[in-house]
Amino acid sequence: MLNLKLRLESLCDTRSWVKLHFADGTTLTGRVIRVGHDYVEMESYGEAEAGYKYEYSKHLVPLNLVKFITIESSSFAEAERRRLAYVAELESDNIPESEKLDS
């Protein structure tokens, strides 16, 4: 458990992507925001198979629920694309109508 926490703390410093694996076979892919005494805080931008265009959420996950982590995965590139698309959509929503270009 201590090695897992230390690894997550180092990933937190770089706001890296990680996939948490749980005992029931489910996973959560997201960026590590903070690691507390007995939890990890992550942000995710939805899963490709969920069907939503963008689904931003934050998660507080008790460390004792995490079975293992994946720190390199091809799915991280897709997750980063979803994050960038979400951020771009937020930024375009904040542009005043007078400054938007007509399409």
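Mentor: Let's start with a yardstick: buried means under 20% relative accessible area, exposed means over 50%, and partly exposed is what lies in between. Keep in mind that this is a predicted model.

Trainee: Thanks! Then why is Tyr56 called partly exposed?

Mentor: Tyr56 has 31% relative accessibility. That value falls between the 20% and 50% limits, so partly exposed is the term.

Trainee: And what makes Tyr45 count as buried?

Mentor: Tyr45 comes to 6% relative accessibility. The limit is under 20%, so Tyr45 counts as buried.

Trainee: Why is the aromatic pair of Tyr45 and Tyr56 called tilted?

Mentor: Two values decide this one. The ring centres of Tyr45 and Tyr56 are 5.1 Å apart, with 50° between the planes. Pairing needs centres within 6.5 Å, and tilted covers angles that are neither under 30 degrees nor over 60, so both conditions are met. Both residues sit in the loop between β3 and β4, eleven residues apart.

Trainee: What makes the pair of Tyr56 and Tyr86 stacked?

Mentor: Here the angle between the planes is 15°, and the centres lie 5.3 Å apart. Planes under 30 degrees apart count as stacked, so the name fits. This pair links the loop between β3 and β4, home of Tyr56, with helix α2, where Tyr86 lies, 30 residues apart. Tyr45, Tyr56 and Tyr86 also belong to one aromatic cluster together with Trp17.

Trainee: Now the charged side chains. How do you know that Glu43 and Arg15 form a salt bridge?

Mentor: Their N to O distance is 3.5 Å. A salt bridge needs a side-chain nitrogen of Lys or Arg within 4 Å of a carboxyl oxygen of Asp or Glu, so this pair qualifies. Glu43 is in strand β3, while Arg15 is in the loop between α1 and β1. Glu43 is buried at 5%, whereas Arg15, at 36%, is partly exposed.

Trainee: What puts Arg15, Arg31 and Glu43 into one network?

Mentor: Shared partners do. Glu43 meets Arg31 of strand β2 as well, at 2.9 Å from N to O. Arg31 is buried, as is Glu43.

Trainee: Last one: why are Arg83 and Glu80 said to be about one helical turn apart?

Mentor: Because they are three residues apart in helix α2. Their side chains meet in a salt bridge of 2.8 Å, N to O. Arg83 has 15% relative accessible area and is therefore buried, while Glu80, at 22%, counts as partly exposed.

Definitions and conventions
Residues are numbered from 1 along each chain as its sequence is written. This is a predicted model: local features need pLDDT of at least 70, side-chain atom pairs count only at pLDDT 80 or more; totals for chains, interfaces and linings use all residues. Side-chain values use heavy atoms; hydrogens and water are left out. Rings of Phe, Tyr and Trp (its six-membered ring) pair if their centres lie within 6.5 Å; planes under 30 degrees apart count as stacked, over 60 as edge-to-face and the rest as tilted. Helices (H or I, at least four residues) and strands (E, at least two) are DSSP runs, numbered from the N terminus. Buried means under 20% relative accessible area, exposed over 50%, partly exposed in between (1.4 Å probe, protein chains only).
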